[in-house]
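Here's a friendly walk through a protein model for anyone meeting it for the first time. Have a look at the sequence and the 3D view, then read on.

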Amino acid sequence: MCRNIRQLHNFEPAATNAEIEAAALQYVRKVSGSNKPSKANEEAFNQAVHDIAHITAHLLDDLVTAAPPKNREEEAAKARARAAVRYGTAV
């Protein structure tokens, strides 16, 4: 899985359309193997991003959980702490 795709489910506030679109873009980039498509593939690339973002939004709307929503700032702090341990840098 691409490390740039972040979990979007069960956050308060909920994931924005921009976050969903960014995750879809990262997914399509990973699957297609290119950051920017050629002119010949641009329409298919953009359509794939749009379709995946649309389906992802539906998925997030339909998922249910009994767990309390996560706080974005707390999760980001945990990720920074894990990165500091992994890469030996200061938090």
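## Who lines the second largest pocket

Start with helix α2, which gives the most to the lining of the second largest pocket, with five residues. In this predicted model, α1 (17-32) and α2 (39-62) each supply at least two residues of that lining.

How many residues line the second largest pocket? There are 15, and I5, L8, A23, T56 and L59 are the ones that lie nearest its centre. The lining is mostly nonpolar: 11 of its residues fall in that group, next to three polar ones and one charged one. As for room inside, the second largest pocket holds about 310 Å³ of space.

## The chain as a whole

Now zoom out. The protein chain has three helices and two strands, and if you read along the sequence they come in the order β-α-α-β-α.

What about its overall dimensions? The C-alpha atoms fill a box of roughly 45 × 35 × 20 Å, taken along the principal axes. The radius of gyration of the protein chain is 16 Å, whereas a compact globule of 91 residues would come in near 12 Å.

## Inside and outside

Of the 91 residues in the protein chain, 18% are buried. The accessible surface of the chain adds up to about 7,100 Å², and carbon and sulfur atoms own 55% of that.

Contacts tell you how the chain meets itself. Take the contacts with a separation of 6 or more: 63% of them are between residues 24 or more positions apart.

## Two residues to find on α2

Try spotting A44, which sits in helix α2. Is A44 buried or exposed? Its relative accessibility is 53%, and the cut-off for exposed is over 50%, so A44 counts as exposed. Then look for V64: A44 and V64 are 20 residues apart in sequence, and their C-alpha atoms are 32 Å apart in space.

H50 is also found in helix α2. Its relative accessible area is 46%, and partly exposed covers the range between 20% and 50%, so H50 is partly exposed. Where does E21 lie relative to H50? The two are 29 residues apart in sequence, with 7.5 Å between them in space, C-alpha to C-alpha.

Definitions and conventions
Residues are numbered from 1 along each chain as its sequence is written. This is a predicted model: local features need pLDDT of at least 70, side-chain atom pairs count only at pLDDT 80 or more; totals for chains, interfaces and linings use all residues. Side-chain values use heavy atoms; hydrogens and water are left out. On a 1 Å grid over the protein atoms alone, a cavity is a set of points where a 1.4 Å probe fits but cannot get out, and a pocket is an open set with protein on both sides within 12 Å along at least five of seven lines; lining residues have an atom within 4 Å of a point. Grid points are joined across faces, edges and corners, and a volume is the space filled by probe spheres set on the points. Helices (H or I, at least four residues) and strands (E, at least two) are DSSP runs, numbered from the N terminus. Ala, Val, Leu, Ile, Met, Phe, Trp, Tyr, Cys and Pro count as nonpolar, Asp, Glu, Lys and Arg as charged, and the others, Gly among them, as polar. The radius of gyration is taken over C-alpha atoms; the globule rule is 2.2 Å times the number of residues to the power 0.38. Buried means under 20% relative accessible area, exposed over 50%, partly exposed in between (1.4 Å probe, protein chains only). Contact means heavy atoms within 4.5 Å. Accessible areas come from the Shrake-Rupley method with a 1.4 Å probe; for residues, only the protein chains shown count as cover.
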